[in-house]
Amino acid sequence: MWTRFFPAVSEMRKRINDGHLGEIKSVQANFGFRRKDMSGNSRLDNPKLGGGAVLDVGVYPISLATMVFGERPNTVYATGWLTSTGVDEFASITLKYSGERVAQLSCSIGVDLTNDAVVYGTKGKLKLQSPFWCPTKLETAEGVLDYPLPDVELPLNFLNSEGFGYEVEHVRRCLQAGMTESDVMPLEHTVIVAEIMESVMKQLGTMQSVK
């Protein structure tokens, strides 16, 4: 998950771990856009091609919540609606964790959302401005911190794709150190995210979840 390696997210993680926000109680994040092709014939509408909001963009808010809380939620609750092709167009997800902590997440391929993320603690909050999955700005109590993207020579296909370099650098350091697992994106977090996504899709009744 390239999101975790952006400097803005690294700074958020550091402040959380250092106790700046006190006890973390809530994560709110959403990622949504209105797909260009609404005819039902696009890749996003095709259950055989990874279509639907959860698989396409829902993984980002779910992964962020997993990064912040670092454990499996006790309860996963999801609601939303499907397209005529059987993939999820919108999902609203609530993750309930131990110790009276909760994540409220949304994802969509049918409507534009605010695409930001906020972490709330007993001593304050931090906000990743849009686009939170590849952010360059972090709102803190002291003001907005800016993290300009590195310069690249060739054109890129996706928003803020220059930021993939942060993930590449981390993988390189892991390989040089002989590591078989990242300390920023542990294998267990990958499993947790996948389990949550599977639960959400089953609750929504998507075509991908039908055996």
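These legends accompany several close-up views of a predicted model.

**View 1. An open sheet of eight strands.** Let us begin with the sheet, whose strands follow the order β2-β3-β4-β1-β5-β6-β7-β8 with mixed pairing. The edge positions belong to β2 (75-82) and β8 (143-146); each has a single partner strand, so one side of each lacks a neighbour in the sheet. From one strand to the next, the twist averages 10 degrees.

**View 2. The hairpin of β2 and β3.** Here β2 and β3 (residues 88-97) run antiparallel and are joined by eight bridges. Two residue pairs are good places to rest your eye: Gly 80 stands opposite Ala 91 in β3, and Tyr 77 has Thr 94 of β3 as its bridge partner. Five residues lie between the strands of this hairpin, where Gly 86 takes a positive phi near 95 degrees.

**View 3. Strand β4 and its two partners.** What is the setting of β4 (residues 101-108), enclosed or open? Six of its eight residues are buried, so β4 is largely enclosed by the rest of the structure. With β3, strand β4 pairs in the antiparallel sense over eight bridges, and Ile 93 has Leu 105 in β4 as its bridge partner. The β3-β4 hairpin has three residues between its strands, and Gly 99 in the turn shows a positive phi of about 70 degrees. With β1, the arrangement is parallel, and seven bridges join the two strands. Look there for Gly 32, which stands opposite Ser 108 in β4.

**View 4. Helices packed against the strands.** Helix α1 (residues 7-17) packs on the sheet and touches β1, β5 (117-121), β6 (124-128), β7 (137-140) and β8. The direction of α1 makes about 165 degrees with that of β6. Helix α4 (residues 187-204), in turn, lies across β2 and β3 and runs at about 50 degrees to β2.

**View 5. Ser 10 and its surroundings.** This view moves in on Ser 10, a residue of helix α1. How accessible is Ser 10? Its relative accessible area is 29%, so Ser 10 counts as partly exposed, a class that falls between the cut-offs of under 20% for buried and over 50% for exposed. Leaving aside neighbours within four places in sequence, Ser 10 is in contact with Arg 4 and Phe 5. Also worth finding is Val 184: it lies 174 residues from Ser 10 along the chain, yet their C-alpha atoms are separated by 9.1 Å.

**View 6. The largest pocket.** This pocket holds about 420 Å³ of space. Of its 14 lining residues, the closest to the centre are Phe 31, Val 57, Trp 133, Phe 158 and Leu 159. The elements that give two or more residues to the lining are β1 (24-32) and α2 (53-69). Helix α2 provides the largest share, three residues. By residue class, the lining divides into ten nonpolar, two polar and two charged.

**View 7. The largest cavity.** We finish with an enclosed space, the largest cavity, which has a volume of about 30 Å³. Which residues line the largest cavity? Met 1, Thr 3 and Arg 4 do, together with Tyr 60, Ser 63 and Leu 64. This lining comprises three nonpolar residues, two polar and one charged.

Key
Residues numbered from 1 in each chain as written. Predicted model: local features only at pLDDT ≥ 70, side-chain atom pairs only at ≥ 80, totals over all residues. Heavy atoms only, no water. 1 Å grid on protein atoms, 1.4 Å probe; cavity = no way out; pocket = protein on both sides within 12 Å on 5 of 7 lines; lining within 4 Å. Points joined across faces, edges and corners; volume = space filled by probe spheres on them. Helix = DSSP H or I, 4+ residues; strand = E, 2+ residues; numbered from the N terminus. Nonpolar A, V, L, I, M, F, W, Y, C, P; charged D, E, K, R; others polar. Pairing = 2+ DSSP bridges. Axes fitted to C-alpha atoms, helices over the stretch in contact; angles between N-to-C directions. Contact = heavy atoms within 4.5 Å. Buried < 20%, exposed > 50% of the residue type's maximum accessible area, 1.4 Å probe, protein only.
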